[in-house]
Amino acid sequence: MNTHDWSLVLFTILAQMSVGSFVVLGIVHFLVARKHGAEEADRMSDRALLAIGPVLVLGLIASLFHLGNPLNAYNAIGNLGSSWLSREIFSGVAFAVVGGVFAFMQWRKLGSASQRNLLALLAALIGLVLVYSMSNVYLLRTVAVWDSVLTPVSFFTTTFLLGALATGAAFVANYAYLQRKNPGCADAQCVLLRKTLSWIGISSIVLLGVEFVVLPLYLVYLSSASSAGNLIAGSYSTVLVVRLVLAFLGAGLFGAMVYRNAVSVGREKAAGNWAYAAFALVLISEILGRFLFYASHTGFSL
Amino acid sequence: MTEQMAFYFDASACNGCKACVVACKSKNQLPVGINWRRVTEYGGGSWVPDADDPTRLLPNNIFAYAVSISCNHCEKPICTEVCPTAAMTKREDGIVVIDESKCIGCRYCEWACPYSAPQFDAAAGVMTKCDFCQDELAQGGSPYCVSACVMRALDYGELSELRAKYGDVSAIEPLPSADLTEPALVVTPHRHAQMSGAGTGRIITMAEEG
């Protein structure tokens, strides 16, 4: 694997995390607003929303380091008719712009709530198109190790797993911020945090389940598709084991701890700490997994 | 008017001397690490115990041959399909060329091409590739690799004519299946050549700098 591929690891992970966070945050906001009113929902999610922008921008900047000639970068959307890479860049920028406009309007409460909801829905759809394009970039008929349905499945799993856990961590940070002004677990935010975290704990366990179904299939597929399977089983086997252990600990065990602490009153702090730790472990695990994904394309030796 | 320019390679004549690689490198002033034409050696087979004396080993099916490949200017080029900038295009005569002034150096074509034809020039930050010596062709000349081949193992011309003259093989090991990109390439197989996908050998090219 070339060092320049690290910029792609960062870009794809950060962009997928942004899309996942945006979608998960949108779902949580929608459900909370319906039950507890828009004001409580905004208090809970506005700060988290503002955190997504910098993550996405960081990812887009990282992608530029992948280019040999970044000065020409504007050409990258020159082949939308046939290149999934063009479509990826285009939807990435579109997601940043539409999501950014929405975040600004939501922050300043510009426009009506329904106008903002419509814009958010549009941004979320563009985000999902981005992840779809991103996985299609790797479905090359000449690269057997990538050209399977497992690529989009794993990209979308990463998107929602990181999205859920990043959103959980952001809620915990937001709650800690609100607590400084208003200590104790007397208000609606405390109840909402516990409820949301318990669902995020469950979701992360379910998504881990998906990963643990996909991964063995992927390894079997790899060993049949090319010698890359041996590479993953050989020189990178340590990385693979570390990635799996971190995913299991983070999304599985820590996810369960988040759930356990979130369902009992008065244990918000513990639930929050487990949520932070789960996010950190899964983030590292996903980065290692993406590294292996790129490393599995060993190049052509002609 | 040419519809699809193509290369012909005679694996039964090639001795792996790499004069084609050197001629191409010289003509196009290619830096170390970039070779628009490459010679890959492929070999296999094994040793078996002598039936009369099992402590003795006899050679069995040991084979090796060389394959000289540049860009195959494919009929279904994946590089032009995936290039995000449309810097990679297929001309009317079938030659696939890159406009380096448009290229962003993302190296996506390098990932996609199973022949390693597009190659990254780190100093310039862009991809480079074989252009079929189009300047030579315009003046009635031949591609340098073809002219330089001491074994007369290389030829070029209109694909349909080469097919009529030399047959329709275009995928021997270690080349990928021709279905992927439909290379404008005609090959006369070496007598030990194995067809793509049915190979029992491996690439045995020695590492070298150049």
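How many bridges join strand β2 of chain B to β3(B), and do these strands run parallel or antiparallel? The legends below begin with that pair. The model is predicted.

**View 1. An open antiparallel sheet in chain B is built from three strands.**
Strand β2, residues 38–49 of chain B, is joined to β3(B) by 11 bridges. The two run antiparallel. In this pairing, B:Trp47 has B:Pro59 of β3(B) as its bridge partner. B:Thr40 stands opposite B:Val67, again in β3(B). On β10(B), 2 bridges tie this strand to β2(B), and the pairing is antiparallel. There, B:Gly43 faces B:Arg202 of β10(B). The order across the sheet is β3-β2-β10. β3 (57–69) and β10 (202–203) of chain B are the edge strands. Each has a single partner strand, so one side of each is left without a neighbour in the sheet. Strands of a sheet pair through backbone hydrogen bonds.

**View 2. Chain A meets chain B.**
The contact draws 23 residues from chain A and 29 residues from chain B. On the chain A side, 9 of the residues are nonpolar, 13 are polar and 1 is charged. B:Pro84 shows contacts with both chains. From chain A it touches A:Ala76, A:Gly78, A:Asn79, A:Ser83, A:Leu85, A:Ser86 and A:Ile89. From chain B, beyond four places in sequence, B:Pro84 touches B:Cys106 and B:Tyr108. B:Pro84 sits in the loop between α2 and β4 (88–90) of chain B. B:Pro84 counts as buried because it has 28 C-beta neighbours inside 10 Å, against a cut-off of 20 or more. The C-alpha atoms of B:Pro84 and B:Cys109 are 9.3 Å apart, with their positions 25 residues apart along the chain.

**View 3. The largest nonpolar core holds 138 residues.**
The residues with the most contacts inside this core are A:Leu165, A:Val258, A:Ala278, A:Val282 and B:Ala112. Helix α1 of chain A, residues 5–36, gives the most to the core, with 14 residues. A:Val258 can be followed contact by contact. Leaving aside neighbours within four places in sequence, A:Val258 contacts A:Leu197, A:Ile200, A:Gly201, A:Ala271, A:Trp274, A:Ala275 and A:Ala278.

**View 4. Helix α8 of chain A bends at A:Phe254.**
The helix covers residues 237–262, 26 residues in total. At 1.5 Å a residue it should span 38 Å. Its end C-alpha atoms are 36 Å apart, which agrees. The bend at A:Phe254 is about 30°. A:Phe254 is itself one of the buried residues of α8(A). Others on that list include A:Arg243, A:Leu246, A:Ala247, A:Gly250, A:Ala251, A:Gly255 and A:Val258. A:Tyr259, A:Asn261 and A:Ala262 are also among them. An α-helix has 3.6 residues a turn, so residues three or four places apart point the same way.

**View 5. B:Leu154 lies in strand β8 of chain B.**
The strand covers residues 154–158. B:Leu154 is buried, with 23 C-beta neighbours inside 10 Å. Residues up to four places away in sequence are not counted in its contacts. B:Leu154 touches B:Phe7, B:Tyr8, B:Phe9, B:Cys20 and B:Ser68. It also touches B:Cys145, B:Val146 and B:Cys149. B:Gly45 is 109 residues away along the chain, and its C-alpha atom is separated from that of B:Leu154 by 27 Å.

**View 6. Two residues of chain B other than glycine have positive phi.**
B:His73 has a phi of about 45°. B:His73 is placed in the loop between β3 and α2 (78–82) of chain B. It is buried, with 26 other C-beta atoms within 10 Å. B:Phe132 has a phi of about 65°. B:Phe132 belongs to the loop between β7 (126–128) and α4 (134–138) of chain B. This residue too is buried, with 25 other C-beta atoms within 10 Å.

**View 7. A cis peptide bond leads into B:Pro174.**
The bond runs from B:Glu173 to B:Pro174, with omega near 5°. B:Pro174 is found in the loop between α6 (159–166) and β9 (185–188) of chain B.

Notes:
Residues are numbered from 1 along each chain as its sequence is written. Chains are lettered from A and ligands numbered from 1 in the order in which they are written. This is a predicted model: local features need pLDDT of at least 70, side-chain atom pairs count only at pLDDT 80 or more; totals for chains, interfaces and linings use all residues. Two residues are in contact if their C-beta atoms, placed from the backbone, lie within 7 Å. Ala, Val, Leu, Ile, Met, Phe, Trp, Tyr, Cys and Pro count as nonpolar, Asp, Glu, Lys and Arg as charged, and the others, Gly among them, as polar. Two strands pair if DSSP finds at least two bridges between them. Helices (H or I, at least four residues) and strands (E, at least two) are DSSP runs, numbered from the N terminus. A nonpolar core is a set of buried Ala, Val, Leu, Ile, Met, Phe, Trp, Tyr and Cys residues joined through C-beta atoms within 7 Å. A residue is buried if 20 or more other C-beta atoms lie within 10 Å of its own, exposed if 12 or fewer, and partly exposed in between; C-beta atoms are placed from the backbone. The expected span of a helix is 1.5 Å times one less than its number of residues. The bend at a residue is the angle between axes fitted to the seven residues ending there and the seven starting there.
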